[in-house]
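Got your viewer open? Let's take a short walk, one selection at a time.

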Amino acid sequence: MFWGAVSRRWVLVVWVFLSAAVFNPAGAAEGKTDALTLVLQWNHQSQFAGYYMALEKGFYKDAGLDVTILRGGSDVRADRLMAQRRADFCSAMLPTALEMRKTGLPLVLLAQLVNRSNFQLVAWKRPEGSDGPAVLEPSDLDGLRVTVWEKNFRSPYLSFFRGWGVRPAILPQYYTLSLFLHRGAAACSVMRYNEYHTLLQNGVSPEELTVFNLWEMGVNLPEDGLYCRADTWQQRPDVCRRFVRATLAGWRYARDHRKETLDVVMGYIHREKLPTNRPHMAWMLDEILKSIFPAKDEAWTFGVLSRQSFRATTQLLQHQGRIDTPPAYEDFVKMEAAQ
Amino acid sequence: MSLLKRSLAVRLALLIAVGAGLVLLAVLSFSHISLSRLFVRQVHQRGDALTRSAVNLIESRMGRAEATIREAAAAFALLSEGRNRAQELICSTLENHTDLCGMTIAMAPVGASPSDSRMYSGWRKDADISLKQDHLPENNYQQDWFYLPYYLQRPVWTEPYYDDKTDALMVTYAVPVLRHGQMWAVVTGDISLEWIRHMLNDLPLGPGGQAILLSRRGRYISHPVRDLEMRETVFSLAESLAKPEARTSLVDIGHRMLEGQPGQLSYRRPFDDQPAFLHYRTVPSSGWVLGVVIPEQQIHTSTLRLNRINGLVGLVGMSLLLLAALGLGWSVTRPLKKLAKAADRLAQGDFDAPLPAIRSHDEVGCLNASFRRMRVDLQRYISELTTTTAAKEKIASELAIARDIQLGIVPKLFPPFPNRSDLDLHAMLIPAREVGGDFYDFALLDENHLYIAIGDVSGKGVPASLLMAVGKTLLKSVMQTVRDPARALCQVNDELAEDNDSCMFITGFCGMLNLRTGDLLYANAGHNPPLLLGGGHDAQILEAPPGPALGALPGSCYASCSRRLANDDMLLLYTDGVTEAMDPDQKLFGEARLLQIARTREEVAARSLVEAVEHAVRLHAAGAEQSDDITLLAVRYRIDPGQVLVAGKGDTDPPCAVLTLLNRLQELPRLTSWVEKQAQACGLSSRAAMNLNLALEEWVVNIISYGYGDDHEHAINVRLWADSQKLQIEVEDDGLPFDPTAQGAVDTDAALEHRQIGGLGIHFIRKTMNGFSYRRENDRNIVTLSLQMHESRSKGDEGPC
């Protein structure tokens, strides 16, 4: 079933690698444009709209950068690509990036894009049918089957359960919500900008669900950020700066031109023949922008990871044993890249 | 329009066409409605049948696949050395069940060691079956085909997915295998969904019809718009709609379709907003929903097509009907037109104009036949009319001639006596018909005597005109002879009354005017008395003793009257055609009116008076038909200034007394008593009166005895004038001319036997009368005797007596 897909994608990766080797920074140093590669953490979607727009509107080109964007996905190991220097920059969630350091890939954060978490836990209001007990509070999930993503996506939920003293029966959750939809689980983990809307598009009405917004219930981990290897930052700070600035400009452009952005996103979707649709991408764009650009009453700064958030995240990961010693903020966070 | 007004055929055809058109319209409308209903019913039946059969087909295939995988799973569970035989099982299953594209047996991970896991796969590649074994299937455990049955612990159909290997839409049925209550393995089978697409494409849905297949989550598995497949769900599609109500409607439809019950509904298609019918039914095994969309337009198109055919047939029929109607109309109107043309020619007198042949016995045929008969009758009638008209024309011409002759009988030349200044005469005769019964007449009997007459024959027309001619001629000739109106009338009456079988008569007035003296001698035979105008007196009716009409009674007698006309006196003679002329209201003109007109015109000429009266009568009639002949005669008497009066005053003055005697000796006592009476009135002495009486008697006896050459009756007129000075008597007779004054003196001494006849009488007259004169006028002897009043007393007194 998946063999074909996986092998084909590998061919693509190899091609990217080869092309990266041909237009490598060696030439860029003296040439006018610097070729570099960005790898995303998932399939093309509105989540990465800012990067697309920076590329599409020529912000990268204007910055003297020749940027190639590689998609992520279950079949793409961004950490490997970064480790093997086949990619110069990557988009990753803060916990993931911190965990990568543990595996020997010293990433540094150039820009924190998603400052407000999108993690949600949705539960059937009546998991056992209309006559069964209702799930209205986190505590109602006690003992019920709850599917939660694996690995680094798991941390916020574990923190949530612990914080609320809930002990559900946790099942693994992978790429689909099918077990939840088959009512094989009472609750599942979703991203606000993605899976939650997928549920609605699968005919689930919001009235059927009880939604727990983790960021409102004590667990607000910063998510997507732009990373590069520490040595890249040391050796080519100028390129990094230009790339970050162009990227942030791309996001601003996306915020201000949503329809155009959506068209561009859908272009990626169609090229990749991804099984998604425009309304979903529109929803995703709106939601991701909400978590990137602060509203008036929100405290964070666009593109900046605060020390407080950094500390909270490292503490949580440390507590869950996912990292040993957290890096110093100054070592990990290179906000000056945006300046 | 003009054709419409002119052509009956076109009107008829148009009327039929309009009627038929209305009927056609009604039929088409009715058929449209019933066809629409029928088609809607059919669409529902078809939609229901199609969804049912398609669902059955899908269900049978999927059911077969389900059964195969279940059997394989059961078999695998029973295999003691399952792992080693897994590939064999896959191979044989794929070989036996060609519906399956691929098959996998994945061993559930046991314990914490993933190395213990194995996954066996087989797939169909062309005609062969490829097999594969995977030792680290960790990623695959995360896929639905394993994940779902593993955690649900029941067989499950995954959501359909695109398989890169076959580039086809696939779906997997996954059956968990438990051993000792533990999850041991998952056995799956893949089937391609391409055949479903083909099958749905082949469904006979008609133009615009669509078949869609939804997954149990509402995702489009098959849709005519391929871009929607696997990308969109009903709900995502709804989200992309602009109108909120359309969004809500589609979401609602999605929920209803996914409820699991078959159904049908009418809705507006989200993208083109066209009304359509949707039939849907759930595939029981997978929970998918098959929907069939049939646009209402299809019904309309079908209805329209049928209606168009109906309409076309109707139109053709109507055109034929129109042609037939035109033909019929023409067949009716063609002979009518020919008849009309023939009638026109007939009206112009062409009786040979051809008539259409009689081909049928319908109304037109009857008309044609009648027309033929009419032509024949008309021909006959005209020929008769021609004859009659010719006869009538002949009569009319004869009548015209008769009229000319009749009018020629009366004198028509005016002024009749242009050389005479003492006479102004005019007359007029207007017959009511071609010929009339009125007449007038005048003539100078001699130099001093004017004869005037007017008459009216009873009845009108030719008989009256004949009698008029006779009467007029007779009267004139008699007058010329007898010179006495009364006697003339007597003679004419006797003449006419004799053998008067037709009982017709004539009223008439006859007069004789002495132009020297102005004496008018006249008689009336039942006629309107004339008017006397002028001369210083008022207009008056000239009275006369009435006599019977001429020809009515034999032996009738008429009395003469005498009147002396003054200078400028005018006589107006007329017939009752004047006074009895009627206006349209039958009102008579009347004598009074005539008098009135005459009075205002006393001074005018005779012609003007006649014309004035005629004009007044015409005005009075005011166009009413003239019922009687109108005859007028006016004569004005003027004293000739050059004329010497014979008897002084007596010539001009009218006589004081007049006596008319017949030439019979028996009349003598009348004379005697009249003279005595007059003498006494004049105060004459008895001697003088006796002398006068004797003298007159002597002379009258003389006339009676010797004056006439015949035995007929003759009138002897005696007129007397008297004033204080003088008495004058005239004796007038129409006897043989004899002048007594020319006789020699009587020898009174001679023997009686030698004396001349009458000699003594004349002598006596000479002796006793102061004046004794004679004149001959108009074949008449007039002897005048006069006596001086004082002398008469003396002379008369010394008379011979």
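Which domains does the domain assignment of chain B give? Select residues 357-405 for domain 1, then 410-637 for domain 2, then 648-797 for domain 3; these bounds come from an automatic or database domain assignment.

Before we go on, some ground rules. This is a predicted model, where local features need pLDDT of at least 70 and side-chain atom pairs count only at pLDDT 80 or more, while totals for chains, interfaces and linings use all residues. Residues are numbered from 1 along each chain as its sequence is written, chains are lettered from A and ligands numbered from 1 in the order in which they are written, and side-chain values use heavy atoms, with hydrogens and water left out.

**Stop 1: the whole of chain B**

Zoom out until chain B fits on your screen. Its C-alpha atoms fill a box of roughly 230 × 55 × 40 Å along the principal axes. The radius of gyration of chain B is 74 Å, while a compact globule of 801 residues would come in near 28 Å (taken over C-alpha atoms; the globule rule is 2.2 Å times the number of residues to the power 0.38).

Switch to cartoon view and you can hunt for 20 helices and 28 strands. Those are DSSP runs, numbered from the N terminus: helices are H or I with at least four residues, strands E with at least two. Now put markers on the C-alpha centres of domain 1 and domain 2 of chain B: they lie 47 Å apart.

**Stop 2: B:Val40**

Select residues 8-78 of chain B: that's helix α2, and B:Val40 is in it. Is B:Val40 buried or exposed? Neither: B:Val40 counts as partly exposed because its relative accessibility is 26% (buried is under 20% relative accessible area, exposed over 50%, partly exposed in between, with a 1.4 Å probe and protein chains only).

Leaving out residues up to four places away in sequence, B:Val40 touches B:Phe277 and B:Ile299; contact means heavy atoms within 4.5 Å. Next, draw a distance line from B:Val40 to B:Pro737: their C-alpha atoms are 142 Å apart, with the two positions 697 residues apart along the chain.

**Stop 3: B:Arg231**

Finally, find the loop between β9 (220-222) and α7 (234-239) of chain B, and pick B:Arg231 there. B:Arg231 counts as buried because its relative accessibility is 12%.

What does B:Arg231 touch, not counting residues up to four places away in sequence? Show chain A too, and you'll find A:His270, A:Lys273, A:Leu274, A:Pro275, A:Thr276 and A:Asn277, along with B:Arg219.
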